[in-house]
Amino acid sequence: MDKVEGAESTVVQPHWGAVLSIVGAGIVAALQVGKVIIAAPLLRKDMGLDLASIGTLTAVFSILGMVGGIAAGGVIARFGARRMLILGLAATAAGTVVGALAPGYAVLLGSRVIEGLGFLMITVAGPAALQRIVAGGRRDFAFALWSCYMPAGMAIAMLASQAFDDWHAYWWCAGVAAVVSLCSIVVLAPSTPGGAALSWQGLRQDTVDTMGAAGPMLLAVSFTLYSLMFFALFTFLPVLLMEQLGLTLAAAGLYSAIASAANVVGNLGAGVLLARGWRRSTLIACASAVMAAVSLLIFGSALPAMTTFLLCVLFSAVGGLIPATLLGTAPLVAPRPALTAASVGLVMQGSNLGQVIGPVAVGGAIDRFGWTSASIIVAAAGLAGVAVAWRLRRVGGTNF
């Protein structure tokens, strides 16, 4: 048996079926993000929604994650990661059913809150479960796999545009996927023991300690900026490809899926580069700078269609270096071992904050000022990401 650094209990050698089932749960959670993105043109036609309303459907999904990441970490530490994965997938399935049956925008928006609760539980419990069941040098690879959940889920959702011409079908299929994933967790994922009883005082102290530590806070800010950039583009990419480049919905879905899947290359590449001794801050800074520069060309709409699409692929692939690096670093900067889950929760709060800010800010800017305005927002976030990366190096020392 091996001891997991930063965990409170002993874990066995990893069962890769369990690892894949946990990563699969993350992919199912990401499907709930991607289905709104690819269904945006159909929702606009069916419900008469503008881009700001579409952005809100994406953003409200992350509101619970934005405010509840640390608290979720405390709950997961108490009741066990496997149990929270199951509850998260159940909430996701319930939300998709409510959304599929929604008679109007208000109910659809409410269903996204239910799905947001499921997303929060899954995305915080997933890394906590991997932290307990994967030890030693395998952990970096496991976290690299986990970091693929968002682009993989979004790519699958976008590929579904080839099969469906009704947004309700996306919701029903996403619900079925949640049920299948729940069953795989029940069968394959090992039980993860809970911890001490929860108390408001203890949770408050854990929150203060976690947010008071420079490392977790910097990672959270970095993830906020990355998510802002990524979702600023990918929330509206199908619409951009259709309205600016003249593609059909099916073609826009296929192209968007390819661009989103390119993010996986960066996710896995980060694991390889970190294993070869690259500094974490260097990967974050370089990727942020490239995303900022490329965004100026993508949203400028002055380039040919294929060139713009290839730049989207580059934006996604290089950007993938960031989440894998951040998620692999989170357990290393926890103020104390018992706060590993809380530190991951804080980092995920940053991710969800970016998912809220990006679609709403960019959607509103595009509606008011046109597509070029989006490039200013994304480029500014990229430059801020470079600054945060260098600050992380100063705080973390030679290992960062």
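This passage looks at salt bridges, one internal cavity and aromatic pairs in a predicted model. Residues are numbered from 1 along each chain as its sequence is written, and side-chain values use heavy atoms, with hydrogens and water left out. As the model is predicted, local features need pLDDT of at least 70 and side-chain atom pairs count only at pLDDT 80 or more, whereas totals for chains, interfaces and linings use all residues.

With a salt bridge taken as a side-chain nitrogen of Lys or Arg within 4 Å of a carboxyl oxygen of Asp or Glu, the count comes to 2. In one of them, the closest N and O atoms of K35 and E115 are 3.0 Å apart. K35 belongs to helix α1 (residues 16–47) and E115 to helix α5 (residues 105–133), so this contact ties together parts that are 80 residues apart in sequence. Helices here are DSSP runs of H or I, at least four residues long, numbered from the N terminus. E115 also meets R112 in a salt bridge, at 2.7 Å from N to O; these two sit 3 residues apart in helix α5, about one helical turn. Shared partners thus join K35, R112 and E115 into one network. K35 is buried at 2% relative accessible area and E115 at 0%, where buried means under 20%, exposed over 50% and partly exposed in between, with a 1.4 Å probe and protein chains only.

Turning to empty space, the model holds 3 cavities of 30 Å³ or more. A cavity is a set of points on a 1 Å grid over the protein atoms alone where a 1.4 Å probe fits but cannot get out, and lining residues have an atom within 4 Å of a point. The second largest has a volume of about 100 Å³, this being the space filled by probe spheres set on the points. Its lining has 14 residues, with Y149, M150, F223, Y226 and P323 nearest the centre, and helix α10 gives the most, with 5 residues.

Aromatic rings of Phe, Tyr and Trp (its six-membered ring) pair if their centres lie within 6.5 Å; planes under 30 degrees apart count as stacked, over 60 as edge-to-face and the rest as tilted. The whole structure has 7 such pairs. F230 and F234 are stacked, with ring centres 4.4 Å apart and planes at 20°; both lie in helix α10, 4 residues apart, and both are buried. Y255 and F309 form a tilted pair, with centres 4.6 Å apart and planes at 50°. Finally, F223, Y226, F230, F231 and F234 make up one aromatic cluster.

Key: On a 1 Å grid over the protein atoms alone, a cavity is a set of points where a 1.4 Å probe fits but cannot get out, and a pocket is an open set with protein on both sides within 12 Å along at least five of seven lines; lining residues have an atom within 4 Å of a point.
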